[in-house]
Amino acid sequence: LGLAGPGTGKTTTIVEAIRARIQDPLDPLPVESILALTFGRKAAGELRDRVAARLGGGLLPTVSTFHSFAYALLRSTDSPEEYLNPPRLMSGAEEDVRIRELLKGAVTDGSIDWPADLMGALPTLGLANEVRAVLARARELGLQGGDLRRIGAASGRPAWVAVGQLAGQEQDVMLLENVIDYTELVFRALLRASEPAVARVLHQRYRVIYVDEYQDTDPLQVALLRALAGPQTAVVAVGDPDQA
């Protein structure tokens with residue numbers, strides 16, 4: 001684990017470490033046994049370009065965002081039926097609209113106990129965005145709808161109780177429409193990576209996993225990282241705790 005501030009060379013350290021492992025004259029690692037994970041497509045692209053430049057071309061290790069890697073893992077291990085009918089990944093804006101309509105419908109039919117002081121915010125996308133954030137954070141922490149309801153009741157937060165009631169409906173609708181969001185994507189990848197047959201393949205494949213901007217990981221992504229790393233896998237992570 002390397003901790004350092006911005007501009008001190010954390011990403012350069014990863015690039016140089018990857019080059020050293022691949023070009024080690026005594027024990028070089030094949031590129032397919034190295035995985036590098038970071039956050040955001042732009043950052044992943046820049047890291048990939050820097051690794052390519054440092055290696056001087058040729059085959060490259062996998063350099064990806066957590067979400068892209070999770071999607072690729074699911075697709076590569078899908079059953080034939082799943083492969084032919086993959087779930088559609090929703091954008092954040094699209095999910096806000098979907099949650100707003102689901103929330104309005106649930107309040108109208110009385111299936112959730114929505115607080116009166118927040119009733120006026122129901123038509124807004126801002127509220128839908130906040131509800132989505134709570135649902136996503138709960139899933140990252142491994143909390144189900146019932147957990148949210150209990151926490152909300154114990155802490156005097158009726159809105160959390162209502163969102164906990166909504167959580168089960170949201171999961172049912174996502175399953176029915178065959179769509180997933182980014183949090184659900186990582187969660188499903190974690191479940192898949194934890195299957196014994198898949199875990200054996202992953203643990204044999206990856207000898208070193210590098211993680212840039214480690215302070216940006218959430219508990220669900222850390223759990224996926226743990227599932228990817230086998231007994232013989234080295235994990236090298238760099239980050240800045242002051243940016244967490």
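**A walk from strand β6 to a helix pair**

Let's start in the sheet of this predicted model, where strand β2 (residues 34-38) runs parallel to β6 and four bridges join the two. To find your place along that pairing, look for A36, which sits opposite Y210 of β6.

Now turn to β6 itself, residues 208-211. It also pairs with strand β7 (residues 234-239), again in the parallel sense and over four bridges. Y210 is a handy landmark here too, as it stands opposite V236 in β7. To get from β6 to β7, the chain passes through helix α11 (residues 219-228), and the resulting β-α-β crossover is right-handed.

What about the two faces of β6: are they covered or not? Both are covered: V208 and Y210 on one side are buried, and so are I209 and V211 on the other.

Next, over to a pair of helices. Helix α7 spans residues 145-155 and helix α8 spans residues 158-177; their axes lie 7 Å apart and the packing angle is about 170 degrees. Angles over 145 degrees count as roughly antiparallel, and α7 and α8 are therefore roughly antiparallel to each other.

Which residues make that contact? From α7 come G145, L148, R149, I151, G152, A153 and S155, while α8 brings W160, V161, V163, G164, Q165 and A167. Sorted by class, the contact of α7 with α8 has seven nonpolar residues, five polar ones and one charged.

Technical notes:
Residues numbered from 1 in each chain as written. Predicted model: local features only at pLDDT ≥ 70, side-chain atom pairs only at ≥ 80, totals over all residues. Heavy atoms only, no water. Axes fitted to C-alpha atoms, helices over the stretch in contact; angles between N-to-C directions. Parallel < 35°, antiparallel > 145°, perpendicular 65-115°, else oblique. Contact = heavy atoms within 4.5 Å. Nonpolar A, V, L, I, M, F, W, Y, C, P; charged D, E, K, R; others polar. Buried < 20%, exposed > 50% of the residue type's maximum accessible area, 1.4 Å probe, protein only. Pairing = 2+ DSSP bridges. Right-handed = clockwise from strand over helix to strand, strands pointing away.
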